[in-house]
Amino acid sequence: MPWNIKEVVAVRWNFVRARLRQPNQMLALCRQFGISRECGYKWWRRFVVEGREGLRVRPSVPRWVPAFQQQWRPRVLR
């Protein structure tokens, strides 16, 4: 069963709020939320750069895929 998108964003927001309250406790917060440090820093960077909007769920498809499909699809179909 997939996660509810709103729950994911809420968890990320809770993590950021905890980080704002405890700025020197990144490792402990990552353990508490059950995420890696890499993930914690990624969420934190996105929040710092984009604000709360940066915590939204993003598609995992590489950005080059649509352009690649647009370029090669007609050739393959021929």
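How many helices and how many strands make up the secondary structure of the chain? In this predicted model, the count is 4 helices and 0 strands. Read from the N terminus, the order of elements is α-α-α-α.

The chain has 78 residues, and 24% of them count as buried. Its exposed surface amounts to about 6600 Å². Carbon and sulfur atoms supply 55% of that area. Contacts were also sorted by separation in sequence. Among those between residues at least 6 apart, 44% join residues at least 24 apart.

Helix α3 was examined in detail. This helix covers residues 37–50, 14 residues in total. From first C-alpha to last, α3 reaches 20 Å. That span is close to the 20 Å expected at 1.5 Å a residue.

Which residues of α3 are buried? They are Cys-39, Gly-40, Trp-43, Trp-44 and Phe-47. Viewed down the axis of α3, the buried residues fall within an arc of 135°, so they line one face of the helix. The other side of α3 carries exposed residues: Arg-37, Glu-38, Arg-45, Val-48 and Val-49. The buried set thus includes Trp-43 and Trp-44, whereas Arg-45 is exposed. Likewise, Phe-47 is buried, while Val-48 and Val-49 are exposed.

The end of the helix was considered last. Helix α3 closes at residue 50. Gly-51 comes just after α3 and takes a positive phi of about 75°.

Note on methods. Residues numbered from 1 in each chain as written. Predicted model: local features only at pLDDT ≥ 70, side-chain atom pairs only at ≥ 80, totals over all residues. Heavy atoms only, no water. Helix = DSSP H or I, 4+ residues; strand = E, 2+ residues; numbered from the N terminus. Expected span 1.5 Å × (residues − 1). Buried < 20%, exposed > 50% of the residue type's maximum accessible area, 1.4 Å probe, protein only. Arc of directions from axis to C-beta. Contact = heavy atoms within 4.5 Å. Areas by Shrake-Rupley, 256 points an atom, 1.4 Å probe, with all protein chains shown as cover.
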